[in-house]
Amino acid sequence: MAVSAVATLLFLLVASPVAFAANHVVGGSGGWTQSGDYTTWAAAETFTVGDTLEFNYGGSHGVDVISKDDYDNCNTANAIESYSDGKTTIKLSKSGPMYFSCPTFGHCQSGMKLSVNVQDSSTPSTPSTPSTPSTTPSTPSTPSDSPATPNTPAKSTPTTPNGATGVFGSMNKFVIGVSVVLGALFVFMC
């Protein structure tokens, strides 16, 4: 009995990282479409090494993994990886930023692109601290020498989730992992 309990405990400890991985359905119930707001969707998620991104889309779409420069310029001619199977699952295997786009002409330009920042699984999320107002007066800025371009759209910067999402997401994964191990131990002890 003790040997089987130890063997089960070792199995659960080895298998427990699988319990920590999350599957993120890109765009939620709306999926990977031209009408999605992927900047807002990604801001509400915490992406960790080992998690997966699940892209669900119709036949007129696809998923390309692209570089930051190609993401910024909506260029899919140099895709690192391309998928068109209607349901693509991509494992987040390393930390850092990752960029995705639909390769169909005009779809990236209409917003069908996604940028995620993958955190190392051993790095806990920390809540952002509010900035304190400065007590020194600011100096007025001087106008730049470059002319303004009136028809240039402003670039949006993806927002990052507040620290609470990451902390509670990590805590939830920890509680699930501990519950699995303790539940198995309880079964074998009785």
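A helix here is a DSSP run of H or I that spans at least four residues, and helices are numbered from the N terminus. Keep that in mind as we walk through this structure, which is a predicted model.

Let's start with helix H3, because Lys68 and Asp72 sit four residues apart in this helix, a spacing of about one helical turn. Their side chains form a salt bridge, with the closest N and O atoms 2.9 Å apart. Are these two residues buried or exposed? Lys68 has a relative accessibility of 44%, so it counts as partly exposed. Asp72, at 39%, is partly exposed as well.

Helix H3 covers residues 68-73, and Cys74 lies in the loop that runs from this helix to strand S5 (81-83). Take a moment to look at the backbone there: Cys74 has a positive phi of about 50 degrees, although it is not a glycine. With a relative accessible area of 16%, Cys74 is buried, because buried means under 20%.

Now turn to the strands. Which strands make up the open sheet, and in what order? There are three of them, arranged S1-S3-S6, and their pairing is mixed. Strand S1 (23-25) and strand S6 (87-91) are the edges, each pairing on one side only. From one strand to the next, the twist averages 20 degrees. You can follow the S1 side of this sheet by eye: S1 and strand S3 (residues 52-56) run parallel and are joined by three bridges. To find one of the matching positions, look for His24, whose bridge partner in S3 is Leu53.

Strand S3 also holds Glu54, a good residue to pause at. How accessible is Glu54? Its relative accessible area is 12%, so Glu54 is buried. Its side chain makes a polar contact of 2.8 Å with the side chain of Asn23. Glu54 also forms a salt bridge with Lys87, where the closest N and O atoms are 3.6 Å apart. This pair ties together distant parts of the chain, since Glu54 is in strand S3 and Lys87 is in strand S6, 33 residues away. Leaving out residues up to four places away in sequence, Glu54 touches Asn23, His24, Val25, Val26, Lys87, Thr88 and Thr89. How many salt bridges does the structure hold? There are two, and you have now met the Lys68 and Asp72 pair as well as the Glu54 and Lys87 pair.

Strand S6 has another residue to visit, Ile90. At 5% relative accessibility, Ile90 counts as buried. Ile90 and Phe55 are 35 residues apart along the chain, and their C-alpha atoms are separated by 8.2 Å. Beyond its neighbours within four places in sequence, Ile90 is in contact with eight residues that you can pick out one by one: Asp51, Thr52, Leu53, Phe55, Val63, Val65, Tyr83 and Phe100.

Two of those contacts, Val63 and Val65, lead us to strand S4 (residues 63-66), which is covered on both faces. Val63 and Val65 are on one side, Asp64 and Ile66 are on the other, and all of them are buried. Which way does S4 run relative to S5? The two are antiparallel and pair over three bridges, and Val63 has Tyr83 as its bridge partner in S5. S4 is also joined by three bridges to strand S7 (residues 96-101), again in an antiparallel arrangement. There, Ile66 stands opposite Tyr99.

Our last stop is the interior. In soluble globular proteins, nonpolar side chains tend to be buried together. The largest nonpolar core in this model has 20 residues, and Trp32, Leu53, Phe55, Phe100 and Leu114 touch the most other members. Helix H2 (38-43), S3, S4, S7 and strand S8 (113-119) each give two or more residues to this core. Phe100 shows how parts of the chain come together here: setting aside neighbours within four places in sequence, its contacts include Trp32, Leu53, Phe55, Val63, Val65, Ile90 and Leu114. Try starting from Phe100 in the 3D view and finding Ile90, which is one of these contacts and a residue you already know from strand S6.

Definitions and conventions:
Residues numbered from 1 in each chain as written. Predicted model: local features only at pLDDT ≥ 70, side-chain atom pairs only at ≥ 80, totals over all residues. Heavy atoms only, no water. Buried < 20%, exposed > 50% of the residue type's maximum accessible area, 1.4 Å probe, protein only. Pairing = 2+ DSSP bridges. Axes fitted to C-alpha atoms, helices over the stretch in contact; angles between N-to-C directions. Contact = heavy atoms within 4.5 Å. Polar contact = N/O pair within 3.5 Å; in protein donor to acceptor, adjacent residues only side chain to side chain. Core = buried A, V, L, I, M, F, W, Y, C linked by side-chain atoms within 4.5 Å. Salt bridge = Lys/Arg side-chain N within 4 Å of Asp/Glu carboxyl O.
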